[in-house]
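Visitor: I am new to this structure and would like to learn how to read it. Could you walk me through some of its features?

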Amino acid sequence: MTLSPLISRYPLIYTLVAILFLFTSCGKEKAETPALTTPPVAITGAFEAISKNSIVFNASLENQNNLDQITEYGFIVYAINAQQVKSAEQEIRIGQKLNDQKVRYTYKPTEVFEMNQTYYYCFYVKTQNTFIKGKFNAFELNKLQLESPSEVMGMAGETLQLRGDFSMLDSSYLLRTYVDQSVRINYSISSDKKTLSFKIPQLSKLQHGQKLEIKLEKRYSDGSSYSQLVANIRILGKIEPPALKTYNFRDKIRFLGTALPNSWESDKTLQLIIGNITVPYQSEIDISSLKEVKGSSFKIGYKNGRDSVIFSDTYQVIGPDVNKLSFELTAVHPNTLFIVNGFYFYSYFEPDKSSVNLGGHPIDLISYDYNPMSFTTRNIPEGEYTLQIKNNFYQIDSKQKLVVKKFDWQSIDKKTAYVGEYVTLSGNFIKGFSYVIYASEYQYAEIICQEDGKLRFKAQSFMSEGSTLKIGYYVYSKDKGEELYFHNKEIPFKSNEITFDSFSPGSGAPGTVVQLKGRGIGLAVDYMIGNMRLYPQVKSDDEVTIIIPIFNAKGKVKLSVVTANNKIIQPEGYFEIL
């Protein structure tokens, strides 16, 4: 069956169907190939490495977002001879898919380049619907020949000399570089036309490791241009000697110079030399972080990949004044805390990177964030020791000696005594050291020794019959902190109870001052009149005064005292309230 009879009978219907099909097809095709929002821009770059048989073209695409739209890219080349006759343009297709914005291509013509011709080239790209060309650049053979390497290192302000044949250059040829904007560079040519000299420009935005392209350019009257890359300079940073020569441990060394990189740059070839170590460049560096530097005096310098520079000055880290170092106690027992005055430890040492010892025996640093400092002796043998504190910069040795004595006691001057009476233990006690006489968790007395070799203490109520007395002191370790250590020998002492011998006067109105007397009565823990607590004025261990409070009734009441053992002691007789 053919469509001809149907078309002739229903021409209008067929026309409508055909129009609908056409619009549907166009809609599908448009959806499959979206239009470019920003058209590609082809940029023709400089040439380099020219010879009779080849030349290197550089080019780029301005917008990376257009890469996936490119269907073909390459260069267009043509020549104009001495008679100004233009050759046919030759389209050199490189590929279809462009993966990078930058293009570098070595072009090898089918016939060698001629000296008497000027050649032009441009970069092009194609998309599905467009053909975009960059501007044409010119090049000529053998009029400018370079003998110097195309890639060199240099510092801003240094003079760079290029070797080659520069006889073709005149004032119309300009030397330029581009750092955010075009920068013109003055140059000179030697009398034999074999050396071109110029200074690397000192630009504020130059950074170590940056590549600076130097191009020789000329503009022609027809709008075309000549652009040849003559040098690719890898910029080198330069560091100036730090102005300060002496530093404290917590100071920073600050570095200034030219073409210095940002701290987040990945190029680590600019390095600081500090004493015996080399570290990547930083604009400032903490002295305390230089844990591998040996000695308090050192040289500073830098390396930049070409030069290794050591400054003439010597730099120094200042340590603490050892003459100010002193022990709070010049003698201690093993495993105890001892206090050292003189300086703020953290200002001169890093706690986890410093060593402390007594005569070569390692000890522990406990507190360092203020002055005085505290250390523990650990369980080191008896002896006289120098305190030594050391880091990688300096070592200090105390002028004083710290004596470590093993704790022991030998005798007691009495076995019994009334509360408040003095008792003396003899042994290797240390003046100023704190000891503990202990009966239970809640019954103990801390006593500071007043005389080397003797510990004098007052008899207390808790030392009475039925209690076992031990003597010791606080030991300290970094892991467990503070603990009580006791000597294994018990103290053979029992205290007699407090006595309440008398009171006077025996009667009085509220407000009357009454004197209480008895052995150790001043060491009682509570004073009572009837069931009412009193607040006495203690005159001595054996005498106390109280004031009779206000009572609602008159009559006789009992006076009493309560000992540390909760024992109530009362005198004979009553106090009469008038």
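Guide: We will go through the cores, the aromatic rings, the charged pairs and one sheet. Keep in mind that this is a predicted model.

Visitor: Happy to start with the cores. Which residues touch the most other members in the largest nonpolar core?

Guide: The general idea is that, in soluble globular proteins, nonpolar side chains tend to be buried together. Here the largest nonpolar core has 57 residues, and Phe57, Phe198, Ile214 and Ile233 touch the most other members. There is also a second, separate core of 48 residues, with Phe255, Ile274, Ile300 and Phe393 among them.

Visitor: What is phenylalanine 57 in contact with, leaving aside its neighbours within four places in sequence?

Guide: With those neighbours set aside, the contacts of phenylalanine 57 include Phe47, Phe75, Val77, Tyr105, Tyr121 and Phe139. Several aromatic names should catch your eye, for Phe47, Phe57, Phe75, Tyr105, Tyr107, Phe113, Tyr119, Tyr121, Phe123 and Phe139 form one aromatic cluster.

Visitor: How many aromatic pairs are there?

Guide: The count comes to 38 aromatic pairs. Phenylalanine 75 and tyrosine 105 make a stacked one, with 6.1 Å from centre to centre and 15° between the planes. Phenylalanine 75 belongs to strand 3 (residues 72-80) and tyrosine 105 to strand 5 (residues 102-107), so this pair ties together parts that are 30 residues apart in sequence.

Visitor: Is each of the two rings buried or partly exposed?

Guide: Phenylalanine 75 is buried, because its relative accessible area is 0%, while tyrosine 105 is partly exposed at 24%. Another stacked pair joins tyrosine 78 and tyrosine 120, at 5.1 Å centre to centre and again with 15° between the planes. Since tyrosine 78 lies in strand 3 and tyrosine 120 in strand 6 (residues 118-126), the pair ties together parts 42 residues apart in sequence. Both tyrosine 78 and tyrosine 120 are buried.

Visitor: Where does a charge sit over a ring?

Guide: Lysine 489 lies over the face of tryptophan 409, 4.4 Å from the ring centre. Likewise, the charged end of lysine 558 sits over the ring of tyrosine 574, at 4.7 Å from its centre.

Visitor: Now for opposite charges. How many salt bridges are there?

Guide: The count comes to 17 salt bridges. In one of them, the side chains of glutamate 350 and arginine 250 meet at 3.1 Å, N to O. That pair links distant parts of the chain, 100 residues apart: glutamate 350 is in the loop between strand 29 (337-341) and strand 30 (355-358), and arginine 250 is in the loop between strand 19 (246-248) and strand 20 (252-254). Glutamate 350 counts as buried at 16% relative accessibility, whereas arginine 250 counts as partly exposed at 30%.

Visitor: Which residues are linked in a network of salt bridges?

Guide: Glu72, Glu91, Arg93 and Lys126 are linked in such a network.

Visitor: Last, the sheet. What is the order of the strands in the open sheet of three?

Guide: In general, strands of a sheet pair through backbone hydrogen bonds, either parallel or antiparallel. The order in this open sheet is 28-37-34, with mixed pairing. Strand 28 (331-332) and strand 34 (383-385) stand at the edges with a single partner strand each, so one side of each has no neighbour in the sheet. Strand 34 and strand 37 (residues 402-404) run antiparallel and are joined by three bridges. To find one of these yourself, look for glycine 383, whose bridge partner in strand 37 is valine 404.

Key: Residues are numbered from 1 along each chain as its sequence is written. This is a predicted model: local features need pLDDT of at least 70, side-chain atom pairs count only at pLDDT 80 or more; totals for chains, interfaces and linings use all residues. Side-chain values use heavy atoms; hydrogens and water are left out. A salt bridge is a side-chain nitrogen of Lys or Arg within 4 Å of a carboxyl oxygen of Asp or Glu. Helices (H or I, at least four residues) and strands (E, at least two) are DSSP runs, numbered from the N terminus. Buried means under 20% relative accessible area, exposed over 50%, partly exposed in between (1.4 Å probe, protein chains only). A nonpolar core is a set of buried Ala, Val, Leu, Ile, Met, Phe, Trp, Tyr and Cys residues joined through side-chain atoms within 4.5 Å. Contact means heavy atoms within 4.5 Å. Two strands pair if DSSP finds at least two bridges between them. Rings of Phe, Tyr and Trp (its six-membered ring) pair if their centres lie within 6.5 Å; planes under 30 degrees apart count as stacked, over 60 as edge-to-face and the rest as tilted. A charge sits over a ring if NZ of Lys or CZ of Arg is within 6 Å of the ring centre and within 35 degrees of the ring normal.
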